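Let's take a walk through this one together. Keep the viewer open so you can click along as we go.

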Amino acid sequence: AGYFATTTGLSTCTSCGIGTFASSTGLSTCTACGIGTYANSTGQLDCRQCSAGTYSEVTGMSMCSMCSSGAFASGPGLTACYSCVAGSFASGTGVSVCSGCSTGFFATGSGLSACTGCVAGSYLVFYYSATTACSLCSAGSYTSAPGFTTCTPCISGTYSSGSGMSVCASCGSGQVAGGAGLSSCAKCAAGYFAAATGQSRCTACGVGMYTSSTGLLSCTWCYAGTYSEVAGMSICSTCTSGAFTSSSGLTACYSCVTGSFASGT
């Protein structure tokens, strides 16, 4: 077996060439390996099946061909490779099974070598997805890169006012975002301020200072004739009759000395 003789009277037989075989003795010719099989050496008595991930579509093959990327052959002895279905992929050659797209990724067509990630600002929770049904991040959240399965809430001091955002914005001076996942910033109340951007809380005006309106980035000194003795004031108190302050930013009024007076407040 594995050898042949084409004529009578020969002293030796000839081994079957690669891609052929002779399964029994006394043969005058070798047989080509069938499709889906191969023989990679001479003198073979049978052919081997192409292994999973490979194929042969013609007879007499000495080796099988590997499936190209985006295709697979799941079992031995196949004559063709099959395209990966939508929602799956094969990145390399000679693959016996396609891989499903991970969550956050999708493949809308067949025969693909890679999946596509949802763009920044969106996400996808499904595994093996064959659709492009990525969802936009809601206001107050974001994704900074493709392939996310969920959105991240904006941290304190930042916000996103619309859907599908890839980055959160810092609150401006005079505004704050006191928690995570906010879609807008709040103005500092009167008596408070925020000097820098991206703040999570407002700071109370110190004693001797005030802010009379909202959303300010600094406080104003109490002017002469007024004072504030506690922090966080929206207005300074006026000195009573018989008392005064001669400069700005004071925390208390002083009584007029003997021989002087202050008739008004």
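**Starting at a glycine**

G172 is partly exposed, because its relative accessible area is 25%, and that value sits between the 20% and 50% cut-offs. Bear in mind that you're looking at a predicted model. To find G172, go to the loop that runs between β20 (169–170) and β21 (175–176). What does G172 touch, once its neighbours within four places in sequence are set aside? The partners are A196 and T197. Now look for V58, which is 114 residues away from G172 along the chain. The C-alpha atoms of these two are separated by 71 Å.

That distance is a good reason to zoom out. The C-alpha trace of the chain spans about 155 × 30 × 15 Å along its principal axes. The radius of gyration tells a related story: the chain has 42 Å, while a compact globule of 265 residues would come in near 18 Å. As for secondary structure, count 30 strands and zero helices in the chain. Buried residues account for 30% of the 265 residues. And if you take the contacts between residues at least 6 apart in sequence, 40% of them join residues at least 24 apart.

Next stop is the loop between β25 (209–210) and β26 (220–221), where you'll find S212. T211 is in the loop between β25 and β26 too, and so is L216. Let's take these residues one by one.

Is T211 buried or exposed? T211 is buried, because its relative accessible area is just 1%, and anything under 20% counts as buried. Its contact list, leaving out residues up to four places away in sequence, runs to A189, A190, G191, Y192, C205, L216, S218, C219, M233 and S234. One of those partners deserves a closer look: a polar atom of the T211 side chain lies 2.5 Å from the backbone nitrogen of G191.

Now step to S212. S212 is exposed, since its relative accessible area is 55% and the cut-off for exposed is over 50%. Beyond its neighbours within four places in sequence, S212 is in contact with A190 and S234. Both names also turn up among the contacts of T211. Y192 is 20 residues from S212 along the chain, and the two C-alpha atoms are separated by 9.2 Å.

L216 is partly exposed, because its relative accessible area is 28%, which again falls between the two cut-offs. Setting aside residues up to four places away in sequence, L216 touches G174, Y192, F193, A194 and T211. Take A194 from that set: it is 22 residues from L216 in sequence, yet the C-alpha to C-alpha distance is 6.8 Å.

Let's move to another part of the chain, the loop between β2 (14–15) and β3 (20–21), where G17 is found. Why does G17 count as partly exposed? Its relative accessibility is 32%, so G17 falls in that class. If you exclude residues up to four places away in sequence, G17 touches S41 and T42. For a sense of scale, compare its position with that of A204: the C-alpha atoms of G17 and A204 are separated by 94 Å, with their positions 187 residues apart along the chain.

G17 also has a polar partner in T20, a residue of strand β3. The side chain of T20 reaches the backbone oxygen of G17 at 2.6 Å. T20 has other company as well: not counting residues up to four places away in sequence, it touches C30, T31, A32, C33, A39 and Q44.

Remember A39, Q44 and S41, as we're about to meet them again. How many cavities of 30 Å³ or more does the structure hold? There is one, and about 30 Å³ of space lies in the largest cavity. Its lining is made up of Y38, A39, N40, S41, Q44 and R48. So which of these have we already seen? S41 is a contact of G17, while A39 and Q44 are contacts of T20. By class, the lining has two nonpolar, three polar and one charged residues.

How values were computed: Residues are numbered from 1 along each chain as its sequence is written. This is a predicted model: local features need pLDDT of at least 70, side-chain atom pairs count only at pLDDT 80 or more; totals for chains, interfaces and linings use all residues. Side-chain values use heavy atoms; hydrogens and water are left out. On a 1 Å grid over the protein atoms alone, a cavity is a set of points where a 1.4 Å probe fits but cannot get out, and a pocket is an open set with protein on both sides within 12 Å along at least five of seven lines; lining residues have an atom within 4 Å of a point. Grid points are joined across faces, edges and corners, and a volume is the space filled by probe spheres set on the points. Ala, Val, Leu, Ile, Met, Phe, Trp, Tyr, Cys and Pro count as nonpolar, Asp, Glu, Lys and Arg as charged, and the others, Gly among them, as polar. Helices (H or I, at least four residues) and strands (E, at least two) are DSSP runs, numbered from the N terminus. Buried means under 20% relative accessible area, exposed over 50%, partly exposed in between (1.4 Å probe, protein chains only). Contact means heavy atoms within 4.5 Å. A polar contact is a pair of N or O atoms within 3.5 Å; within protein, one must be able to donate a hydrogen and the other to accept it, and residues adjacent in sequence count only if both atoms are side-chain atoms. The radius of gyration is taken over C-alpha atoms; the globule rule is 2.2 Å times the number of residues to the power 0.38.
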